There are 2 protein chains.
Amino acid sequence: MPLMRSWVESANAPDSPFPLNNLPYGVFSTGDEDPRCGVAIGDRILDCRAAEDLGLLDFGTGRLFDVPFWNEVMEEGPELWERLRNTLTGLLSEAGGARATVEPILVAQADAEMHLPFLVSEYTDFYAGRHHATNVGTMFRGAENALPPNWLHIPIGYNGRASSIVVSGTDVRRPWGQLKGPDDAAPRFAPCARFDLELEMGAIVGQSSDGPVTVKEADAMIFGYVLLNDWSARDIQAWEYQPLGPFQAKATATTISPWIVTREALDPFRTNTPAREKELLPHLRDAGPMLYDIDLEVTLAPEGRPATTLARTNYSVMYYSSAQQLAHHTTSGCPMTCGDLLGSGTISGPEKHQRGSLLELSWGGKEPITLDSGETRSFLEDGDTLTLKASARGDGYTIGFGDCTGKILPALTDPFAR
Amino acid sequence: MPLMRSWVESANAPDSPFPLNNLPYGVFSTGDEDPRCGVAIGDRILDCRAAEDLGLLDFGTGRLFDVPFWNEVMEEGPELWERLRNTLTGLLSEAGGARATVEPILVAQADAEMHLPFLVSEYTDFYAGRHHATNVGTMFRGAENALPPNWLHIPIGYNGRASSIVVSGTDVRRPWGQLKGPDDAAPRFAPCARFDLELEMGAIVGQSSDGPVTVKEADAMIFGYVLLNDWSARDIQAWEYQPLGPFQAKATATTISPWIVTREALDPFRTNTPAREKELLPHLRDAGPMLYDIDLEVTLAPEGRPATTLARTNYSVMYYSSAQQLAHHTTSGCPMTCGDLLGSGTISGPEKHQRGSLLELSWGGKEPITLDSGETRSFLEDGDTLTLKASARGDGYTIGFGDCTGKILPALTDPFAR
């Protein structure tokens, strides 16, 4: 599909992240006004509450945009999702004739502050990148036991903490935690010294379920995708994670990009999962191409310095799709809820410059990386700003996600001071 | 403190679970009416919405009981919690003179259906019983590695699935899952064959936090306690839990008792945690007695047969209190939310008849237990009804929780059939 032209001229540039083909959903505010739902188009945002006030978004459901989150739209289901997208396309299309009505309710992105685009019901993080799992497994358990025996049969995941999800641009405070290094006689309570990022995609579950679903059904339940940085305290994790998994090491913050890129916008970029080393059981088998060809990049900017690209990779290297992860998530009868967020797992490619965490890039701190400024990094330092970027390249257009960024603040001097 | 007498005569019997000293909070409905908040007193329930309509529960906060959950009361904070309890005590006290006004808004518990008493924000389950951890560790990793190295230093926990929480009386469907026995060449997808219970207490977080809190502050954030049965699919767990912890094995259902017993009601029963084998780091040290002397019992009734007592134990055997668990939960800066639920971990005493799971009672199925009917059990069978009971014995009165019960339904024939 080629570029669809909009009367918003900035949307028609080949490198605009928000052409008419995209139409991602966010929540924004300007000045002192309340946050409200919006749709990105070029360098503008269509104010959905204002559009609903004008009667432009009436689907016979009652008001959908009185609230500053997209959950009400999600709950209406895929038929409404399609009608909404078609209506928005009509309103913003060069051919559509709605410019005079719609132009007054556009807001400049430069004037807008972005907020979390949806209420996160529960958050699950997976471990579904084979190169990442192999790298981490090799460091923690040795090359012979790198991949756990179950890894090629189920998408391994753990429940995370929904309360820790923050929107891009939120500062992230270096956490305290209980640590015990290999040479320490006893554990101690101290600021994390091995704070890290993880480059991931997040899939947003838009429909609830109350029993096992197939991979095909799971794919249809996904409303859209965001970028996701799973901030990770490696020293806390190493001490706490056996036997029940990561807990406080992953609970400080998880940053997501501000725009939900819908499944529909990503449809032209679908790709297959890699060849299977072991055949999956029938209920987890691929039911079509459910990964996406999305280029990914991570940059690190020390305080007051320009950014260095740490890694470039692509979402299509994952071993399991979000649809497979969601299907697995329901096998026990686990009820899934509209607003659940599924982290893909760290997206590392096979090459060193494709690794999506500092743990992998610096090989556990043994091989510090050098930034363009000449400084080195094993893990994150205070003042560092990390940014994840994503784009899918179409025929004369780009699907962007908006940056997923966060700056590291120093640990509190006394974490219990009030 | 002796029995406080109520004009509701049934509340004054020494073995009534709901004397005036208790006043637990639940959500109930009768006939076709909407669920609403209520307070148990003897064999009756005080209808809080009706009491608010009569102006008996006016604290200058706006309406608290227009909603069928206790989160609005929790969010108001400890000062309101105390005022509400004092007011309820006055309304129901033999000496209070409010009988003529209040008696018409009492409902018989026998006529009421109970619902979840609060909206569960997020659910965390701990592993804080030393006897349970030692038993399970011995079975899974051998006696020499029974307790993980971190176990005596932090309360080990993992995030569970809030959507899986159900109220007592809800049937529990045997789950499907991916399994691989030690003698299986490959994993398979099959109904769980080792379905189990776990006897726990649940602590309800009544106040939000946005940074590390002390153990003393954590104790003050706890609104109350319920009984909790963490249904566990042992065969699914064994295959999935390495390296990131339990996931689908614990996601089918978690049953809680219908009444929130407040921290105030349990105050006379506070006890200290056991002697420490290794001194805790300062931020996790006990700040007073924060466990409770609560007798616990589990019974199993096969379909159509009387119940057999499987185990009797006491909450005071735990190594970590809920306040210590909550304090640990916040160390990373993890935001806690009003309505969070913390499972204590399985409460097993040192003796065999004090073990809080069939995994321990039947030693992984190697020593099936015999029921009063002569039948044996290694794990749960279809039609079994499991019931947890709890009581704290005061001076002439009993603090009860209401039963925490659930019946096992057979697995679906085809989990994907619609």
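**Salt bridges, chain symmetry and sheet packing in the predicted model**

In chain A, R63(A) and D66(A) are joined by a salt bridge in which the closest N and O atoms lie 2.8 Å apart. The structure described here is a predicted model, and a search across the whole of it returns 58 salt bridges over all chains. With regard to solvent, R63(A) is partly exposed, its relative accessible area being 36%, whereas D66(A), at 51% relative accessibility, counts as exposed.

A further salt bridge is formed between R270(A) and D219(A), whose closest N and O atoms are 3.0 Å apart. Since R270(A) belongs to strand 18 (residues 270-271) of chain A and D219(A) to helix 6 (residues 215-221) of chain A, this pair ties together parts that are 51 residues apart in sequence. The basic partner, R270(A), counts as partly exposed at 22% relative accessibility, while D219(A) is buried, with a relative accessible area of 7%.

K407(A) likewise forms a salt bridge, in this case with E303(A), and the closest N and O atoms of the pair are 2.8 Å apart. K407(A) is situated in strand 27 (residues 404-409) of chain A and E303(A) in the loop between strand 20 (295-301) and strand 21 (308-314) of chain A, so that the salt bridge ties together parts that are 104 residues apart in sequence. K407(A) has a relative accessible area of 24% and is therefore partly exposed, given that this class lies between 20% and 50%; E303(A), by contrast, counts as exposed at 52% relative accessibility. Salt bridges also occur in chain A as a network, in which D196(A), E198(A), D230(A), R234(A) and K250(A) are linked.

Turning to the arrangement of the chains, a turn of 180 degrees, with a shift of 0.0 Å along the axis, lays chain B on chain A with an RMSD of 0.0 Å. The two copies are thus related as by a two-fold rotation axis. Among the residues of chain B, G245(B) comes closest to the rotation axis, with its C-alpha at 2.2 Å. Of the interface residues of chain B, 100% are also interface residues in chain A, so the copies meet through the same surface.

Contacts between the chains can be followed at N150(A), which is placed in the loop between helix 5 (130-141) and strand 7 (157-159) of chain A. When residues up to four places away in sequence are not counted, N150(A) touches I156(A) in its own chain and W239(B), E240(B) and Q242(B) in chain B. At 1% relative accessibility, N150(A) counts as buried.

Within chain B, 5 strands form an open sheet in the order 4-3-2-1-5, with antiparallel pairing. Its edges are strand 4 (106-108) and strand 5 (113-115) of chain B, each of which pairs on one side only. On average, and with direction ignored, neighbouring strands of this sheet are turned by 50 degrees against each other. Strand 1 (residues 25-29) and strand 2 (residues 36-41) of chain B pair in the antiparallel sense over 4 bridges, and V27(B) stands opposite C37(B) in strand 2 of chain B. Helix 3 (residues 78-92) of chain B packs on the sheet, where it touches strand 1, strand 2 and strand 3 (44-47) of chain B, and the direction of this helix makes about 65 degrees with that of strand 1 of chain B.

Conventions
Residues numbered from 1 in each chain as written. Chains lettered and ligands numbered in written order. Predicted model: local features only at pLDDT ≥ 70, side-chain atom pairs only at ≥ 80, totals over all residues. Heavy atoms only, no water. Salt bridge = Lys/Arg side-chain N within 4 Å of Asp/Glu carboxyl O. Buried < 20%, exposed > 50% of the residue type's maximum accessible area, 1.4 Å probe, protein only. Helix = DSSP H or I, 4+ residues; strand = E, 2+ residues; numbered from the N terminus. Least-squares fit on C-alpha atoms with pLDDT ≥ 70 in both. Contact = heavy atoms within 4.5 Å. Pairing = 2+ DSSP bridges. Axes fitted to C-alpha atoms, helices over the stretch in contact; angles between N-to-C directions.
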